[in-house]
Protein chains: 2
Amino acid sequence: MLGLMQDRPLTLPHVFHRAEQYFARKTVVTAQTDGETSMTIGEWAGRVRRLATVLDTLGVSADGRVGTFCWNTGRHLELYLAAPCTGRVLHTLNIRLFPEQLVYIVDHAEDEVVFVDRSLIPVIAPLADKMGTVRRFVVIDDGADAAIPEGWLDYEELLAAAEPFGGTFVVEDENTAAAMCYTSGTTGNPKGVVYSHRSAVLHSLITLTADAFALSERDVVLPVVPMFHANSWGLPYGCLLAGSDLVMPGPNMTPQAIASLLARHRVTVTGGVPTIWMGMLPMVGDHDLSHLRMIVCGGSAVPRSLSESYRTTVGIPLTQAWGMTETSPIATMSTPRSHHDALTEDERADIRARQGQPVPFVDMRLVDPDSGEVQPWDDAATGEIQAAGPWIAKEYYRGEGGGAQYTEDGWLRTGDVGTGDRYGFVRLVDRTKDLIKSGGEWIGSVELENEIMAHPKVAEAAVIAIPSEKWVERPLACVVVKPGETLTPEEVIEFLTPRVAKWWLPDAVEFIDEVPKTSVGKFSKKTLREKFGGYQVAGPASHEPA
Amino acid sequence: MLGLMQDRPLTLPHVFHRAEQYFARKTVVTAQTDGETSMTIGEWAGRVRRLATVLDTLGVSADGRVGTFCWNTGRHLELYLAAPCTGRVLHTLNIRLFPEQLVYIVDHAEDEVVFVDRSLIPVIAPLADKMGTVRRFVVIDDGADAAIPEGWLDYEELLAAAEPFGGTFVVEDENTAAAMCYTSGTTGNPKGVVYSHRSAVLHSLITLTADAFALSERDVVLPVVPMFHANSWGLPYGCLLAGSDLVMPGPNMTPQAIASLLARHRVTVTGGVPTIWMGMLPMVGDHDLSHLRMIVCGGSAVPRSLSESYRTTVGIPLTQAWGMTETSPIATMSTPRSHHDALTEDERADIRARQGQPVPFVDMRLVDPDSGEVQPWDDAATGEIQAAGPWIAKEYYRGEGGGAQYTEDGWLRTGDVGTGDRYGFVRLVDRTKDLIKSGGEWIGSVELENEIMAHPKVAEAAVIAIPSEKWVERPLACVVVKPGETLTPEEVIEFLTPRVAKWWLPDAVEFIDEVPKTSVGKFSKKTLREKFGGYQVAGPASHEPA
């Protein structure tokens with residue numbers, strides 16, 4: 001027997017029309033190279049309506065891919081709605097990709113038009129000739145003085161000449177593609193994740209729930225996390241749905257600029273990767289950040305000490321959110337719960353350093369990488385985290401390269417290894433491919449790195465496996481020392497000795513200038529493994545496994 | 001082009017398994033006639049698993065209707081999940097229905113089994129023989145001493161004898177019926193609204209959003225609104241999804257009992273109809289209600305003065321929510337927004353007396369009852385409120401009796417007439433069928449009633465149309481005077497004169513003992529119209545329309 005409820009699809013046009021009708025007086029501020037611009041959501045909505053007909057005029061096909069090569073701006077937000085509300089697919093291009101990856105992605109997605117912030121022209125223009133599917137490049141003038149290539153169109157001229165779309169946007173099927181984003185995997189070509197209207201809308205709704213971001217009409221939100229990075233964690237769509245004000249940081253992503261925006265616009269919610277908050281920490285005392293109620297941190301594991309520094313200086317710790325491009329991205333949130341109230345502040349900091357509890361409608365299980373058996377949530381057993389849910393990918397665009405990342409019963413293999421407690425609080429210990437198997441037992445490289453990074457003289461550390469005749473694999477610690485400090489391998493080992501099992505102690509410590517990063521700022525252990533391929537431990541290993 | 005997200009249905013099994021896994025330590029307290037019981041969600045989940053197999057043992061068909069004739073209790077909550085998670089349809093029976101309606105509904109829905117709280121046996125047992133589709137009655141012993149009819153089964157005995165269902169509940173299609181509830185319309189037979197898993201789940205998610213109820217794991221929720229009244233406004237499913245503690249009031253619904261529960265269990269969120277809060281007002285000073293953060297009020301228009309009394313005594317006003325059985329029921333919420341902050345407390349009270357802004361995914365329009373034209377949201381133009389959305393009914397069960405309540409393009413005619421401002425705040429002025437058309441102009445009977453009820457000596461007032469040769473219809477005010485007070489028709493008219501347009505002044509005032517109510521406590525104007533059918537105004541109408 002079927003329910004007798006209306007067959008109303010969950011689509012982004014609802015988000016647009018809701019914002020346009022009820023939140024017209026709310027604002028989107030954008031910081032530009034030459035000052036700030038501000039528009040109301042009413043004005044913004046009018047521009048989205050013009051942009052909708054511009055896409056027709058440019059001849060973008062009914063479900064054509066619309067590339068964006070842009071910073072976080074109000075105009076990027078226009079593209080965020082105009083493309084999917086007219087049935088097109090928003091394709092956010094990562095401006096930090098390597099040139100050959102960028103060309104590959106544009107070609108693979110068959111982008112028909114690419115919108116480019118003027119300040120980014122120097123990055124993409126040299127590659128334009130290789131982008132065979134792109135019929136038109138459109139420049140969004142952000143105040144930079146980069147030369148505009150011959151034949152590239154001007155965004156504002158197109159909008160000024162366009163008739164606004166006059167009706168209600170309709171997307172009939174909620175499973176229609178709304179947006180896509182490529183993951184810059186550490187192996188092989190980037191893979192395309194294709195979000196549907198349904199997934200985008202449900203994910204947005206989660207950002208409004210009390211134990212997630214709790215976005216409300218009263219919030220002023222500054223998404224530091226790029227709009228080309230997994231939909232900026234759902235903040236743009238979430239804000240439109242809730243009616244929050246938005247502050248967009250534009251091209252100037254320096255910590256100083258972000259801190260100034262947070263203070264000046266009395267921002268209540270912001271989100272970004274640890275690197276941003278690390279960089280901003282020294283200057284938080286110079287700004288009034290008392291309006292902030294939540295600093296979301298994700299993209300890579302949140303250092304406990306960083307979160308604690310924010311708690312003691314700004315007054316609120318970092319709130320960890322975890323996910324990946326394939327999970328839209330919000331999968332877990334580390335909001336402390338009522339049973340944590342009885343803990344000490346120090347114990348709560350440990351909880352906040354966890355990745356947190358799955359948000360509603362995300363199912364999760366821990367699977368042993370060897371046996372394939374589902375592990376208990378006992379805070380001890382580790383397993384690969386597998387996820388399922390309505391905003392989690394089932395395959396990659398054109399089915400390429402990622403079949404191995406999905407299980408036979410349709411769950412996503414996240415590639416992360418972790419534990420979960422009985423309250424659902426997940427704690428990551430490693431990436432499956434970074435796990436070090438020593439004498440038949442797993443060593444968590446991320447856990448080991450966290451312990452090394454707790455040393456006051458250590459800026460960064462990455463741990464990789466090196467071959468061992470006796471134990472198959474053993475850990476090598478690659479350590480970046482803080483500027484002006486000195487450190488010896490012996491000091492590192494001495495520091496670790498009371499903190500980890502004896503057989504976890506690295507066989508060697510190498511000092512490096514920095515940990516190589518991927519285009520989205522994650523540790524590239526692949527690069528380190530290449531660098532230290534065939535590494536030989538000098539002298540007998542003093543810390544053999546038990 | 002389709003998105004490539006997992007095809008995971010939005011179903012109640014997710015809500016169940018999430019609560020069971022992550023919130024096992026949370027509690028459901030139930031007040032009974034002989035004290036209180038408390039169980040953890042872990043214990044509750046184990047009982048749901050047993051109940052699931054009990055339904056099999058009782059021979060309930062795969063999509064059979066499972067009737068409940070129960071108060072708000074933890075055991076009713078077991079039925080709330082066990083029925084839909086096994087593919088059956090929960091049918092909550094209104095314990096206050098007239099006997100013939102009850103028999104009609106059970107028969108119409110083809111309930112196969114009915115679960116009855118022992119204290120309610122005297123109400124339903126005399127009708128049992130007429131309920132031909134019901135194979136079994138099951139008694140839930142709530143401590144009352146009502147005699148148990150021959151052949152009726154005992155709930156606890158069935159559970160004790162049952163094996164718990166051991167796996168994961170699966171409902172493949174999110175459009176499968178999950179629950180049904182009949183509307184006690186004021187004309188014709190009751191009509192069945194059939195909720196789907198999708199609608200129940202999406203509606204639950206809305207109760208978690210910051211600008212709606214903002215249900216979180218930290219809340220302790222007491223649903224006063226009956227679980228047989230439009231799913232208790234989504235509170236039970238919402239609490240399970242959020243992980244909130246629940247306090248169930250059981251059979252003792254006296255204001256004294258509710259106030260005591262609110263204080264004793266440090267309840268943070270509660271919800272009920274105005275009558276409850278009216279009754280509780282005299283005793284709020286005797287209880288510590290400082291933990292309450294939200295008192296949701298709905299079911300009928302919230303008197304402004306009542307809300308203000310709560311603001312000045314308890315410290316928080318009533319938060320109005322509006323909807324109907326056909327809308328699951330949450331359609332609008334009157335949470336004040338940032339642009340209201342600049343208003344005076346008095347002006348904000350006016351805002352709170354409005355029905356509020358549509359929640360996400362509810363679309364609304366105002367349609368002129370005469371011309372059928374869509375009206376602007378200018379806070380002045382009135383129209384019938386029509387609603388659309390994924391948790392709004394598209395038709396009644398078996399298509400009966402309600403075709404006229406749905407438009408050709410699939411929207412629900414709510415039967416309410418109102419205005420909306422540019423922020424989406426709806427204000428009801430009347431029911432379409434209660435509107436009084438005088439000399440070609442509409443008079444809003446509800447607006448007129450509200451003005452009369454502002455008189456300090458008036459307890460209740462209802463305004464109905466009486467025939468007029470000259471003006472077609474004119475208003476008659478039916479007024480209930482507060483105990484111990486006296487009032488004349490002239491005093492009522494004098495009080496109204498500065499408050500409404502001259503032609504709105506009633507042609508006559510009749511004093512009655514009480515306003516007749518429907519089985520869900522709403523004004524039954526139908527009864528009043530019957531009573532005053534053919535009413536003749538004594539003497540010349542002194543207040544003729546202009």
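**Close-up 1. Crossing of helices α2 and α3 in chain A of the predicted model.** The axes of helix α2 (residues 41-57) of chain A and helix α3 (residues 74-85) of chain A approach within 9 Å and cross at roughly 55°. At this angle, α2(A) is oblique to α3(A). The crossing of α2(A) with α3(A) is right-handed.

**Close-up 2. Residues in the contact of α2(A) with α3(A).** From α2(A), the contact draws on A:W44, A:R47, A:V48, A:L51, A:A52 and A:L55. On the side of α3(A), the contributing residues are A:G74, A:R75, A:L77, A:E78, A:L79, A:L81, A:A82 and A:A83. By class, the residues of this contact comprise 10 nonpolar, 1 polar and 3 charged.

**Close-up 3. Helix α3(A) and its surroundings.** Because 12 of the 12 residues of α3(A) are buried, the helix is largely enclosed by the rest of the structure. Among the buried residues are A:H76, A:Y80, A:P84 and A:C85, together with the charged residues A:R75 and A:E78. The end C-alpha atoms of α3(A) are 17 Å apart, in agreement with the 16 Å that its 12 residues should span at 1.5 Å a residue. Following α3(A) is A:G87, which has a positive phi near 90°.

**Close-up 4. Environment of B:K26.** B:K26 is located in the loop between α1 (12-22) and β1 (27-32) of chain B. With a relative accessible area of 3%, B:K26 is buried, the cut-off being under 20%. Leaving aside residues up to four places away in sequence, B:K26 touches A:S338 of chain A. Within chain B, B:K26 touches B:M39, B:T40, B:I41, B:E217, B:G243, B:S244 and B:D245.

Terms used
Residues numbered from 1 in each chain as written. Chains lettered and ligands numbered in written order. Predicted model: local features only at pLDDT ≥ 70, side-chain atom pairs only at ≥ 80, totals over all residues. Heavy atoms only, no water. Axes fitted to C-alpha atoms, helices over the stretch in contact; angles between N-to-C directions. Helix = DSSP H or I, 4+ residues; strand = E, 2+ residues; numbered from the N terminus. Parallel < 35°, antiparallel > 145°, perpendicular 65-115°, else oblique. Left-handed = near helix turned anticlockwise from the far one by under 90°. Contact = heavy atoms within 4.5 Å. Expected span 1.5 Å × (residues − 1). Buried < 20%, exposed > 50% of the residue type's maximum accessible area, 1.4 Å probe, protein only.
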